[in-house]
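Open the model in your viewer and keep the selection panel at hand. The stops below say what to select and what is found there.

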Amino acid sequence: MPSTRSPRRALAAAVALLALTAAAGCGADAAAGGNQTKELRYQGSVGQVTLPELAADLGYLGDVKLNWIGNVTGGPADIQATATGQSDFGGAFNGAIVKLQAADAPITAVVSYYGSDAQTFQGYYVLDGSPIRGPRDLIGKRVGMNTLGAHAEAVLRTWLARGGLSADEIGRVELVALPPVNTEQSLRARQIDVAVLGGVIRDKAVAGGGIRTVFTDYELLGAFSAGSYVFRDDFITRNPDTVRAFVTGVGKAIEWARTQPRETVVARLRSIIGKRGRNEDATLVDYWKSSGVAEPGGVITDREFATWIDWLADAGELKGARPEPADLYTNRFNAFANPGGGA
């Protein structure tokens, strides 16, 4: 359970609450008569199934419904939409959550939803004939990733720094934001020198041949949960049971996917894409292996934020005192955080 918020964040939360209350009736979270909302607006991902979507299809969200409002290609944009009230929840790399909260955005992380392990990770890939082998080879090169200021950039800069590059040399590595579905194509067309590929998109690209790994985040950092879903603080205050149903459902979906045969999970994901009718290519999910979430049921640990707090502080991107990890998240809605929980 997070510790007491700073006065600045408490004030920001109060301002956000007043603003959203004044706009009551304009969003799905405007609860009439004190009733908790049972509909959650969210952004999805093209050709992929999010954990909340899987949880809903499995019946794990109870009477809470999802309302898809469009797709998003990067976590920072997703949680920014949540912070401003355009969506009810969003997910992002934990370092991006640290940065947004440091800017006094009144949001709290409630459950992990992706990570890296031996099966599922983000890799940094080059064409087979590329001379790029180590950190110094990236100076002056172009690296394509889904979004800037998030997981891919943080891991890359950590790898470059550990490889002995100075801040000036790291600044000479050009970062290019690309939609995930286009990154492989850009690498093969030699529009970029390195492609950051993760999950099913990575597996599909590797299966196509002609590319090799420079390094992976799993090799660099080991197994870890990398991103969390967040809600606004005022939403949590008004809708604790809804948040609990969401976190419980996502946690159960993580464990369902962890314990089922891979073929069963893939079949379910394909079925979800087919039923939702968004005119998508469902072939990506054939390469699904795991969510990569480290802890049971998506329980969040201090380590998953402390790593990126230190990195951001050392990079000069945090102003003032470093936040404490426990101020950024809560496990109080997650039954898996309790002994014997999650049943």
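The tour starts with the whole chain and then goes from one selection to the next.

**The whole chain**

This is a predicted model. Colour by secondary structure: the protein has 13 helices and 10 strands. Colour by accessibility next, and 53% of the 343 residues come out as buried. Among contacts with a separation of 6 or more, 79% are between residues 24 or more positions apart.

**Helix 3**

Select residues 75–83, which form helix 3. Which residues of helix 3 are buried? They are Gly75, Asp78, Ile79, Ala81, Thr82 and Ala83. Show what surrounds these buried residues: they pack against strand 1 (39–44), strand 3 (89–93), helix 4, strand 4 (107–116) and strand 10 (224–232). Just after helix 3, stop at glycine 85, whose phi is positive at about 85°.

**Helix 3 against helix 4**

Two packed helices are described by the angle between their axes and the distance between the axes. For helix 3 and helix 4, the angle is about 40° and the axes are 10 Å apart. The crossing is right-handed. To see the contact, show Pro76, Ile79, Gln80 and Ala83 from helix 3 together with Ala96, Ile97 and Leu100 from helix 4. By class, the residues of this contact are six nonpolar, one polar and no charged.

**Helix 4 against helix 13**

Keep helix 4 (residues 94–102) and add helix 13 (residues 303–314). Their axes come within 9 Å and cross at roughly 65°. The crossing of helix 4 and helix 13 is right-handed. On the helix 4 side, select Asn94, Gly95, Ile97, Val98 and Lys99; on the helix 13 side, their partners are Glu304, Phe305, Trp308, Ile309 and Leu312. This contact of helix 4 with helix 13 comprises six nonpolar, two polar and two charged residues.

From helix 4, follow the chain into the loop that leads to strand 4, where aspartate 104 is found. Its phi is near 70°, a positive value in a residue other than glycine. Most residues other than glycine have a negative phi.

**Aromatic pairs**

Show the aromatic side chains: the structure holds 14 aromatic pairs. Centre the view on tyrosine 42 and phenylalanine 89, a stacked pair with 5.7 Å from centre to centre and 5° between the planes. Tyrosine 42 is in strand 1 and phenylalanine 89 in strand 3, so the pair ties together parts that are 47 residues apart in sequence. Tyrosine 42 and phenylalanine 89 are both buried.

Go next to tryptophan 159 and phenylalanine 215, a stacked pair at 4.1 Å centre to centre with 10° between the planes. Here helix 5 (residues 151–162) supplies tryptophan 159 and strand 9 (residues 211–216) supplies phenylalanine 215, and the two residues are 56 residues apart. Tryptophan 159 counts as buried because its relative accessibility is 12%, and phenylalanine 215 counts as buried at 4%; the cut-off for buried is under 20%.

Return to tyrosine 42 and widen the selection: Tyr42, Phe89, Tyr113, Tyr114, Tyr229, Phe231, Phe235 and Phe246 form one aromatic cluster.

**Charges over rings**

Which ring does arginine 202 lie over? Select phenylalanine 121: arginine 202 lies over its face, 3.9 Å from the ring centre. Then move to tryptophan 68, where the charged end of arginine 278 sits over the ring at 4.0 Å from its centre.

**Glycine 144 and arginine 190**

Select glycine 144, which lies in strand 6 (residues 142–145). Is glycine 144 buried or exposed? It is buried, because its relative accessible area is 0%. Leaving aside residues up to four places away in sequence, glycine 144 touches Val176, Leu178, Thr183, Ile192, Val194, Ala195 and Val196. Leucine 197 is 53 residues from glycine 144 in sequence, with 9.0 Å between their C-alpha atoms.

End at arginine 190, in the loop between helix 7 (180–188) and strand 8 (194–198). Arginine 190 is exposed, with a relative accessible area of 66%. The phi of arginine 190 is near 60°, a positive value in a residue other than glycine.

Terms used. Residues numbered from 1 in each chain as written. Predicted model: local features only at pLDDT ≥ 70, side-chain atom pairs only at ≥ 80, totals over all residues. Heavy atoms only, no water. Axes fitted to C-alpha atoms, helices over the stretch in contact; angles between N-to-C directions. Helix = DSSP H or I, 4+ residues; strand = E, 2+ residues; numbered from the N terminus. Left-handed = near helix turned anticlockwise from the far one by under 90°. Contact = heavy atoms within 4.5 Å. Nonpolar A, V, L, I, M, F, W, Y, C, P; charged D, E, K, R; others polar. Buried < 20%, exposed > 50% of the residue type's maximum accessible area, 1.4 Å probe, protein only. Phe/Tyr/Trp six-rings, centres within 6.5 Å; stacked < 30°, edge-to-face > 60°. Lys NZ or Arg CZ within 6 Å of the ring centre and 35° of its normal.
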